[in-house]
Amino acid sequence: ADPSTFYSDQDVNTNLDLLCVMQRMPACTVRNACTAKQMKGDYCKPWSVLSGICSTTHGEMMAQMVGCEKYKQLCIANTKVAGCETQIPKLISTKEVVADTYAACADADQSTLAGCKTCKVMSPTSIGGECAAGPLPTLSAACKVKPTATYCANLKETCSTDATPKVSLCPANLATSSAEPQHYVRSHLISLSVLVAVVMSLFV
């Protein structure tokens, strides 16, 4: 069913303006990319962006925010309303992007990353500083430098689906990278320490 007669794109955009005052939400970053003509297509449609904020399908937790009321009324279970659940598949959630950006900016290898200076994440659950563009561009830049880092796993899942537009927020080297399992890293270090001990014993 076409909802435009009682919830027009203009009304959706009005709610998006309200919701995206808080730029930390990934769907708002997508909206910014669309406005800047860095991406185009169905995922730039107002309903798709609204779905990325108000749907809880992929772990987003913003449904109770002012601006999502109409979406919740229309997008109930088994709804026939066109536009519901049209967000980017597996879009990284706000909770994930904040925690991952915090981890990225705490990584010594990312100490010179400009985004970590202008978009300072205060803790794994909150974000402060200027951060006008939201944390997602900073995380994307960090994952371009170090795509195998564990804090890139959620963004990699977003960017690995064929349905996701390959825009600047999805580093080209991210989809083909594979993070080194932590248990492997630990066992590798243990093996190395044993080898060093054996070598040192030869000189005793």
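Which side chains meet in a salt bridge at 3.3 Å, N to O? In this predicted model, the partners are Asp-42 and Lys-45. The two residues differ in exposure class. Asp-42 is exposed, with a relative accessibility of 53%. Lys-45 is partly exposed, at 48%. This bridge belongs to a set of four in the structure.

A further salt bridge joins Arg-31 to Asp-17. Its closest N and O atoms are 2.9 Å apart. The partners come from distant parts of the chain, 14 residues apart. Arg-31 sits in helix H2, which covers residues 26-35. Asp-17 sits in helix H1, which covers residues 9-19. Arg-31 has a relative accessible area of 17% and is therefore buried, the cut-off being under 20%. Asp-17 is partly exposed, at 48% relative accessibility. The bridge thus pairs a buried arginine with a partly exposed aspartate.

Lys-146 and Asp-109 form another salt bridge, with an N to O distance of 2.7 Å. This pair also links distant parts of the chain, and its members are 37 residues apart. Both residues are in loops. Lys-146 lies between helix H7 (136-145) and helix H8 (153-160). Asp-109 lies between helix H5 (94-106) and helix H6 (114-118). Lys-146 is partly exposed, with a relative accessible area of 26%. Asp-109 is exposed, at 53% relative accessibility. The contact does not stand alone: salt bridges with shared partners join Asp-107, Asp-109 and Lys-146 into one network.

Helix H2 also contains Thr-29. Is this residue buried or exposed? Thr-29 is buried, with a relative accessible area of 5%. Beyond its neighbours within four places in sequence, Thr-29 contacts Gln-23, Ala-133, Leu-136, Pro-137 and Leu-169. Of these partners, Leu-136 and Pro-137 fall within the residue range of helix H7 (136-145). H2 therefore holds two of the buried residues described here, Arg-31 at 17% and Thr-29 at 5%.

Aromatic contacts come next. How many aromatic pairs does a search of the whole structure find? The search returns two. Tyr-7 and Trp-47 make up an edge-to-face pair. Their centres are 5.6 Å apart, and the angle between the planes is 80 degrees. Tyr-7 belongs to the segment before H1, whereas Trp-47 belongs to helix H3 (residues 46-54). The pair therefore ties together parts of the chain that are 40 residues apart in sequence. Tyr-7 is buried, with a relative accessible area of 3%. Trp-47 is buried as well, at 8% relative accessibility.

Trp-47 also pairs with Tyr-71. Here the ring centres are 5.9 Å apart and the planes meet at 45 degrees, so the pair is tilted. Tyr-71 is in helix H4 (residues 69-74), so this pair connects H3 to H4 across 24 residues of sequence. Tyr-71 is buried, at 3% relative accessibility. Together, the ring pairs link Tyr-7, Trp-47 and Tyr-71 into a cluster.

The helix that carries Trp-47 is itself mostly covered. Nine of the nine residues of H3 are buried. They are Pro-46, Trp-47, Ser-48, Val-49, Leu-50, Ser-51, Gly-52, Ile-53 and Cys-54. What do the buried residues of H3 pack against? Their packing partners are H1, H2 and H4. The tilted ring pair between Trp-47 and Tyr-71 likewise spans H3 and H4.

Confidence varies along the chain. The average pLDDT is 80, and 79% of the residues score at least 70. Among the elements, H1 has the highest mean pLDDT, 95. Helix H9 (residues 182-201) has the lowest, 37. Over residues 179-204, pLDDT stays under 50. For this stretch, the model has four contacts beyond four places in sequence.

Terms used:
Residues numbered from 1 in each chain as written. Heavy atoms only, no water. Helix = DSSP H or I, 4+ residues; strand = E, 2+ residues; numbered from the N terminus. Buried < 20%, exposed > 50% of the residue type's maximum accessible area, 1.4 Å probe, protein only. Contact = heavy atoms within 4.5 Å. Phe/Tyr/Trp six-rings, centres within 6.5 Å; stacked < 30°, edge-to-face > 60°. pLDDT = per-residue confidence, 0-100.
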